[in-house]
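Here are my notes on the model, set out as numbered points for reading beside the coordinates. Please check each one against the structure as you go.

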Amino acid sequence: MTQEVPKGALEAVAAALRRADRVVALTGAGVSAESGVPTFRQAQNGLWARYRPEELATPQAFEANPQLVWEWYAWRRRLVQQAQPNPAHVALVTMERRLAHFTLITQNVDGLHRRAGSGFRFPLIELHGNLERIRCSREGLTFETWPKSEEVPPRCPRCGALLRPDVVWFGENLPTQALQAAWEAASACDLFFSVGTSALVEPAASLPFLALKRGAAVVEINPQPTPLTPHATHILAGPAGVILPALVQATWGERE
Ligand code: NAD
């Protein structure tokens, strides 16, 4: 990619990274956009273009039409399986390797951070679950694999209730432990990155503000402005797959 990287701001963030003790990165759908996984706000093509994701990713949608919601997730699962981690995911692995303390918090359900290698030194916090797992809609038992069934969605082998993706839908609570860990990391860090997220979906959207309140510097990496932009300490406007590798290079002279 030939996108211009904002040099002055990049140097300032590289210096902050070299000084930082505790670093947090919060990622959203934008970090996977360059892997070909569409964000919710990007126009979607084909079969699913007539549905708004916000109307499918809800418990009400699953109750009204479980087959439709299951099939939408099956389509997204196939898309993600064909996708590969991009240079932004890889740069975040380097940050985990290089920094004294690093916490990666993701709102993504695509598993691309783990496939890139993140989570090998510090826990990777998946705030919104993972679409590669499913769970029983009644008892919450989770499954990594499930047999193909005639019935869509398939049923829980234990209690017979419908199985659903193990993701957090709009209007649902986040997993308590993951949220607690994210909250603690954001409260204790001295440098916080908000990467590829529209900063609109709560409670993740509050994490950079919590970090700011506790005195951390906040860096936003996004080609578009968000509600966080006017508050960010540094803005690196551009695609994460260009900015993050450039930042790694500016900080440690390391090219991926
Ligand atoms: P969002 O769709 O609301 O916003 C995506 C953001 O990424 C936008 O601000 C956009 O400007 C930015 N962006 C687009 N391309 C980018 C790039 N190349 N580099 C950096 N930024 C880029 O996504 P959200 O804030 O994550 O919130 C929506 C919810 O939908 C979240 O729960 C999210 O996990 C979920 N979601 C996940 C996936 C996934 O797992 N890949 C995909 C779509 C939606």
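Which atom of the ligand lies 2.8 Å from a backbone N or O atom of Val109? The partner on the ligand side is an oxygen atom.

1. Basis of the note. This is a predicted model, in which local features need pLDDT of at least 70 and side-chain atom pairs count only at pLDDT 80 or more, while totals for chains, interfaces and linings use all residues. Residues are numbered from 1 along each chain as its sequence is written, and side-chain values use heavy atoms, with hydrogens and water left out.

2. Polar contacts of the ligand. Besides the pair at Val109, an oxygen atom of the ligand is 2.8 Å from a polar backbone atom of Ala29, and a nitrogen atom of the ligand is 2.8 Å from an N or O atom in the side chain of Glu34. The protein covers 92% of the 840 Å² of accessible area that the ligand has on its own (areas come from the Shrake-Rupley method with a 1.4 Å probe; for residues, only the protein chains shown count as cover).

3. Setting of the ligand. The ligand sits in the largest pocket. A pocket here is an open set of points, on a 1 Å grid over the protein atoms alone, where a 1.4 Å probe fits and protein lies on both sides within 12 Å along at least five of seven lines; a molecule sits in it if more than half of its atoms lie within 2 Å of its grid points. The ligand is surrounded by 26 residues, the closest being Arg41, Gln107, Asp110, His128 and Ser198 (a residue counts if one of its heavy atoms lies within 4 Å). Helix H2, residues 30-33, gives the largest share of this shell, with 3 residues (helices have at least four residues and strands at least two, both being DSSP runs numbered from the N terminus).

4. Gln107. This residue, one of the closest to the ligand, lies in the loop between strand E2 (101-106) and helix H7 (112-116). Is Gln107 buried or exposed? Gln107 counts as buried because its relative accessible area is 11% (buried means under 20%, exposed over 50%, and partly exposed in between, with a 1.4 Å probe and protein chains only). Leaving aside residues up to four places away in sequence, Gln107 touches Leu26, Thr27, Gly28, His128, Thr197, Val201 and Ala204 (contact means heavy atoms within 4.5 Å).

5. The loop between E7 and H9. Ala199 is found in this loop, and its phi is near 55 degrees, a positive value in a residue other than glycine; Ala199 is buried, since its relative accessibility is 11%. Pro203 also has its place between strand E7 (191-195) and helix H9 (207-213), and the peptide bond from Glu202 to Pro203 is cis, with omega near 0 degrees.

6. The loop between E5 and E6. Pro153 lies in this loop, where the peptide bond from Val152 to Pro153 is cis, with omega near -10 degrees. Arg158 lies between E5 and E6 as well and is exposed, because its relative accessible area is 60%. Not counting residues up to four places away in sequence, Arg158 touches Glu139 and Leu141, and the side chains of Arg158 and Glu139 are joined by a polar contact of 3.2 Å (a pair of N or O atoms within 3.5 Å; within protein, one must be able to donate a hydrogen and the other to accept it, and residues adjacent in sequence count only if both atoms are side-chain atoms).

Conventions: On a 1 Å grid over the protein atoms alone, a cavity is a set of points where a 1.4 Å probe fits but cannot get out, and a pocket is an open set with protein on both sides within 12 Å along at least five of seven lines; lining residues have an atom within 4 Å of a point.
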